[in-house]
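Reader: I am in my first year of study and would like to look closely at one part of a structure. Could you please take me through it in a connected way?

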Number of protein chains: 2
Amino acid sequence: MSEVESFFKSAFSVDNVIFGFDGGDLKVLLIQRGAAPYKGKWALPGDLVYPNEDLDTAAERVLEQLTGLRGVYLEQVKAFGAVDRHPLGRVITVAYFSLIKISDYTVTPASFAQSAKWHTVTKVGDLAFDHNEILESCLKKLRRKVRMTPIGFELLPPKFTLTELQQLYESILIPPKSKKRIDKRNFRKKILSTNLLHDLNEVQEGVAHRPAKLYRFDRNKYEQLIAEGYSFDI
Amino acid sequence: MSEVESFFKSAFSVDNVIFGFDGGDLKVLLIQRGAAPYKGKWALPGDLVYPNEDLDTAAERVLEQLTGLRGVYLEQVKAFGAVDRHPLGRVITVAYFSLIKISDYTVTPASFAQSAKWHTVTKVGDLAFDHNEILESCLKKLRRKVRMTPIGFELLPPKFTLTELQQLYESILIPPKSKKRIDKRNFRKKILSTNLLHDLNEVQEGVAHRPAKLYRFDRNKYEQLIAEGYSFDI
DNA sequence: CTGCTTTGGTGTAAAAAAAACAATAAGCTT
DNA sequence: AAGCTTATTGTTTTTTTTACACCAAAGCAG
């Protein structure tokens, strides 16, 4: 094999860290590998990139094949390219994370034979390949990004309460061991002062306590503010 | 050609955005392409990744071949993988940026035939491939990172004045058209309050005005503070 | 229907951080 | 010695962040 040929004995893949939020913890959707290498281990959903496929498109495809969802929030994080990261050959992978509303996910569509399951991010065990490292990178990027742009709402249903929103931020931002929480009054003051939440004049139903008001994220307002030089910060 | 084979008719490269600072503007080191495609155009230095080479190692190698420098600040930004980004085939590239002290760079070592030249980042013209997009991404990451970690010092000589440091921050952070500058007193107050600058008790020599005091970045102090939970922010 | 339990909702004061702002100092040049 | 250029230094005002506690509204148990 010539040296030039050997440059092409390699492949690239994408791996997708799919985040969800169940009201309590931040979750990540993992699949259990059905074949070697790492058979039986939990892993990030991913696939080789087709020859005529953009990286972003490949990541969207992986997401859609697993969840049936399209048009969700998806962002590249970085490439992982250690020589020995894949036992069967040289495979560079590009990591993405996506944010979905966990209720939109209907368990295990036929297209994927592997069993997929939500795992609490703080409790995923030992994953296949370098997927623990990839997950860690994606989490770090999510933590940074969720404070600088209003992407947290991608994880919530269209109508939500301020308490749900706060729990979402806490599940992402508060280190597992820390027992500190975000101050309720300060959080509400800050988030409402952005004027990005639309009060729906509705309340929760069927809860065994005072029902909370429901809000909606006002995307149009956000686009408009952005155009005026606004920058989200929470 | 089987479908499996076609997955391997592809290659990966690294491209390196090498930043420097000359006391006035933020600069980027570009090479003029000597061969097709884009012959004669300015481009980011880069190369295919060797089969047994980690991505990071490839980026270090590109940097060293061009500048002779090792052990400088280097950071991956992201992968660029549009199908048509390379006219000769499917090449995914991983972008890095590095920060070097411009005075350490001795022009065009023999190893690189191409002519290399520093360009003011705000005045690079139309680059080869998708290199304008890559440069833009790296700049964005540099702008974010330079405020969160003390990497600016990588661009300065070991001894520097506070005015030089301020000009560095301005060259990176102030948008080209904006005429606002950073407030001198506030900048000095803030940077000195970190206690990361060591006053060398020396002053500039041979300047036709009041000489400024020289400082050194105290890396040990920084490591120590980091261990205590400190986080840089300017 | 009464009271208990649970979570929702609200304002103010103190502290800290950021922003605005101008006069004197020190070296060199002429 | 006067003039030019850049260096150095503090205070006040404004804004942002933090800390903190009580009443409200619903379902539930008795």
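The request that follows concerns one strand and the charged side chains found elsewhere in the model.

Reader: Please describe strand 6 of chain B: which residues are on each of its faces, and are they buried or exposed? I should also like to know which salt bridges link distant parts of a chain.

Author: Please keep in mind throughout that this is a predicted model. Strand 6 of chain B covers residues 91–99, and nine of its nine residues are buried. Its two faces may be taken in turn. On one side are V91(B), T93(B), A95(B), F97(B) and L99(B), and on the other are I92(B), V94(B), Y96(B) and S98(B); every one of these residues is buried, so both faces of the strand are covered.

The strand also has partners. Strand 1 of chain B, residues 11–21, pairs with strand 6 of chain B in the parallel sense, over nine bridges. In strand 6 of chain B, Y96(B) has N16(B) standing opposite. Strand 5 of chain B, residues 73–80, runs antiparallel to strand 6 of chain B, and seven bridges join the two. Here E75(B) is the residue that stands opposite F97(B).

We may now turn to the charged side chains. Side chains of opposite charge can pair when their charged atoms come close. Over all chains, a search of the whole structure finds 25 salt bridges. One of them joins the side chains of E154(A) and R219(A), with a distance of 3.3 Å from N to O. This pair links distant parts of the chain, for its members are 65 residues apart: E154(A) is in the loop between helix 3 and helix 4 of chain A, and R219(A) is in helix 6 of chain A. E154(A) counts as buried because its relative accessibility is 16%, under the 20% limit for that class. R219(A), by contrast, has a relative accessible area of 39% and is therefore partly exposed.

A second salt bridge in chain A is formed by D199(A) and K213(A), whose closest N and O atoms are 3.1 Å apart. The residues are 14 apart in the sequence, with D199(A) in strand 8 of chain A and K213(A) in strand 9 of chain A. Both members are partly exposed: D199(A) has a relative accessible area of 24%, and K213(A) has one of 44%.

In chain B, R61(B) and D47(B) form a salt bridge, their closest N and O atoms being 2.9 Å apart. R61(B) belongs to helix 2 of chain B and D47(B) to strand 4 of chain B, and 14 residues separate them. R61(B) is buried because its relative accessible area is 12%, whereas D47(B) is partly exposed at 29%. In chain A, salt bridges that share partners join D47(A), E53(A) and R61(A) into one network.

Charge also gathers on the surface. A patch of negative charge there brings together D54(A), D56(A), E60(A) and D84(B). Among them, D56(A) lies in helix 2 of chain A, residues 55–67, and its relative accessibility of 42% is why D56(A) counts as partly exposed.

A last residue returns us to chain B. K117(B) lies in strand 7 of chain B, residues 116–120, and is partly exposed because its relative accessible area is 48%. From K117(B) to Y169(B) there are 52 residues in sequence, and 22 Å in space from C-alpha to C-alpha.

Terms used. Residues are numbered from 1 along each chain as its sequence is written. Chains are lettered from A and ligands numbered from 1 in the order in which they are written. This is a predicted model: local features need pLDDT of at least 70, side-chain atom pairs count only at pLDDT 80 or more; totals for chains, interfaces and linings use all residues. Side-chain values use heavy atoms; hydrogens and water are left out. Patches are made of residues with over 30% relative accessible area and no salt bridge: like charges are joined within 9 Å, nonpolar side chains (Val, Leu, Ile, Met, Phe, Trp, Tyr) within 5 Å. Accessible areas come from the Shrake-Rupley method with a 1.4 Å probe; for residues, only the protein chains shown count as cover. A salt bridge is a side-chain nitrogen of Lys or Arg within 4 Å of a carboxyl oxygen of Asp or Glu. Lys and Arg count as positive and Asp and Glu as negative; His and the chain ends are not counted. The place of a charge is taken as NZ of Lys, CZ of Arg, CG of Asp or CD of Glu. Helices (H or I, at least four residues) and strands (E, at least two) are DSSP runs, numbered from the N terminus. Buried means under 20% relative accessible area, exposed over 50%, partly exposed in between (1.4 Å probe, protein chains only). Two strands pair if DSSP finds at least two bridges between them.
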